[in-house]
Amino acid sequence: MALIQTPSQTVGPYFAIGLPWEDGPDVVPPSTPGSFWIRGTVFDGMGEAIPDALIETWQADPNGRFDHPDDPRGAVAGFRGFGRSAADSQGLYGIRTVKPGPVPYNDGRLQAPHLVVSVFSRGLLDRVTTRIYFGDEEAANAADPVLAAVPAERRDTLIAKPTAEGYHLDIYVQGPNETVFFAV
Amino acid sequence: MTDALEHLVLPRYPRPEGLHPPLDYPDYRSTALRHPKQPLIEVPQTLSELTGPLLGHDRVGELDHDLTRQHPEEPQGQRIIVYGKVLESGGRPVPDTLVEIWQANAGGRYRHQGDQHPSPLDPNFTGLGRCVTDREGNYKFITIQPGAYPWGNHPNAWRPAHIHFSLFGRQFTQRLVTQMYFPGDPLFPFDPIFNSVRDPKARERMISRFDLDTTVPDWALAFQWDIVLRGPDETPPDVD
């Protein structure tokens, strides 16, 4: 018989006491060749920046492998894969990373390079989850089975645009440009 | 086997029905502009969701689990032990997983610029704790009983005393941020965040249990609280 699970509660306004880490944004060490920043702003339904938001990311290494025992291809040790960024007073988040390789979909097709993302904030009673894809992976994105499940007119909310220092993707938890969130 | 991906058989970690609070919950006013209005998009859980960060002992300092020993002197307040197990819904313990907590001080004041209500900060209390579960999924913190905390949601609004908990489990689907409450708190009926969990049995899951057997005479009270994360569905996997 399954135990009742513990329900989610909001992170509230004061998670900055406990959750940010000095190296939180560093999915890879700063000296990593080819590393770049993914940056953006988290917005509410009125288009106001959310300063008390927390973004977390998880991704495969450049070969599409995870440092995790449940990767059926075998764990690849040493790639942290995790990023955590508390938004600043302007709602700006930033993750320093490298582009992940392709990860298999459940039928053996390949997914386009992507990060899975959790968004937490005061006013969110549970996290919401989304993905970050890369705007310069047009062919892979066009073949991605998860993007294909998203209405075409909303796919752009998941695709980070190349910039001088990496990529940019804003996250709208509500509003006309609302980000696509997944039932994970 | 490296490329035998056509044989990729992954467990499912089904999302529990009706457990978590609705994102649109008007009694908690800040949800109004911060909940998605479009329906969540259903996609299968893939390897990206069924793996996750395994952040262990290297993130935790020697005194991170003891919030009463992080400053030159001890903080004000009732010393308490908060302990329990991290489990999956099937009952299996979750070993070696990072548990992070943060909380207000004994007077209900958070050490945060945003909390300016007239209750003193305690120079000997930060309110941040971290530990990693042992092989049986056990965690343990030593801290002080947090005070109730006033907030601006509605006139004379007070949060019941609580400790914020952040858990990773072993994969992305298990990530959980929640709050632990204390038994018998008279503020429960008035708190929209506590009551945003609609199922009374699920609300009870957030309330710790006073545990006389674990109290330390002349030193500390004790509260026991198990945390249950999502687990794999009950269907047995294919076995060769």
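The questions and answers below concern a predicted model of two chains, A and B, and how its descriptions follow from computed values.

Q: Why is chain A said to agree with a compact globule?
A: For 184 residues the globule rule gives a radius of gyration near 16 Å, and chain A has 16 Å, so the value agrees with that expected for a compact globule. The C-alpha atoms of chain A fill a box of roughly 40 × 40 × 40 Å along the principal axes, and buried residues make up 50% of its 184 residues.

Q: What makes up the secondary structure of chain A, and which pattern does it follow along the sequence?
A: Chain A comes to 2 helices and 12 strands, and its pattern, read along the sequence, is β-β-β-β-β-β-β-β-α-α-β-β-β-β. Of the contacts in chain A between residues at least 6 apart in sequence, 69% join residues at least 24 apart.

Q: How many residues does each chain give to the contact between chain A and chain B, and which elements of chain A take part?
A: The contact takes 60 residues from chain A and 73 residues from chain B. On the side of chain A that touches chain B, the elements giving two or more residues are β5 (103–104), β7 (114–121) and β12 (182–183), and the largest share, 5 residues, comes from β7(A). By residue class, this side of chain A divides into 33 nonpolar, 18 polar and 9 charged.

Q: How do you know that β12(A) pairs with β1(B)?
A: Two strands pair if at least two bridges are found between them, and β12(A) and β1 (residues 41–42) of chain B have 2 bridges in the parallel sense. The requirement is therefore met by this pair of strands. Within the pairing, A:A183 stands opposite B:E42 in β1(B).

Q: What makes β4 and β9 of chain B edge strands?
A: In chain B, 4 strands form an open sheet in the order β4-β3-β8-β9, with antiparallel pairing. The strands β4 (128–132) and β9 (176–181) each pair on one side only, and they are the edge strands. From one strand to the next, the twist averages 25°.

Q: How do you know that β3(B) pairs with both β4(B) and β8(B)?
A: At least two bridges are required for a pairing, and β3(B) has 5 bridges to β4(B) in the antiparallel sense as well as 5 bridges to β8 (residues 162–167) of chain B, also running antiparallel. Towards β4(B), the bridge partner of B:L98 is B:V132, and B:E100 stands opposite B:R130. Towards β8(B), the bridge partner of B:I101 is B:F165.

Q: Why is β3(B) called largely enclosed by the rest of the structure?
A: A residue is buried if 20 or more other C-beta atoms lie within 10 Å of its own, and 6 of the 6 residues of β3(B) are buried, so the strand is largely enclosed. Both faces are covered, with B:L98, B:E100 and B:W102 buried on one side and B:V99, B:I101 and B:Q103 buried on the other. In a regular strand the side chains alternate between the two faces of the sheet.

Q: Why is B:D96 called partly exposed, and where does it lie?
A: Partly exposed falls between the exposed limit of 12 or fewer neighbours and the buried limit of 20 or more; B:D96 has 15 C-beta neighbours inside 10 Å, so it counts as partly exposed. B:D96 lies in the loop between β2 (79–88) and β3 (98–103) of chain B, and its phi, near 55°, is positive in a residue other than glycine.

Q: What makes B:G90 count as partly exposed, and which residues does it touch?
A: B:G90 has 14 C-beta neighbours inside 10 Å, between the two limits, and therefore counts as partly exposed. B:G90 is placed in the loop between β2 and β3 of chain B. Leaving aside residues up to four places away in sequence, B:G90 touches A:A2, B:G231 and B:P232.

Q: How do you know that B:D218 is exposed?
A: The limit for an exposed residue is 12 or fewer other C-beta atoms within 10 Å, and B:D218 has 5, so it is exposed. B:D218 lies in the loop between β10 (209–210) and β11 (221–224) of chain B, and has a positive phi of about 65° although it is not a glycine.

Technical notes. Residues numbered from 1 in each chain as written. Chains lettered and ligands numbered in written order. Predicted model: local features only at pLDDT ≥ 70, side-chain atom pairs only at ≥ 80, totals over all residues. Contact = placed C-beta atoms within 7 Å. Nonpolar A, V, L, I, M, F, W, Y, C, P; charged D, E, K, R; others polar. Axes fitted to C-alpha atoms, helices over the stretch in contact; angles between N-to-C directions. Rg over C-alpha atoms; globule rule 2.2 N^0.38 Å.
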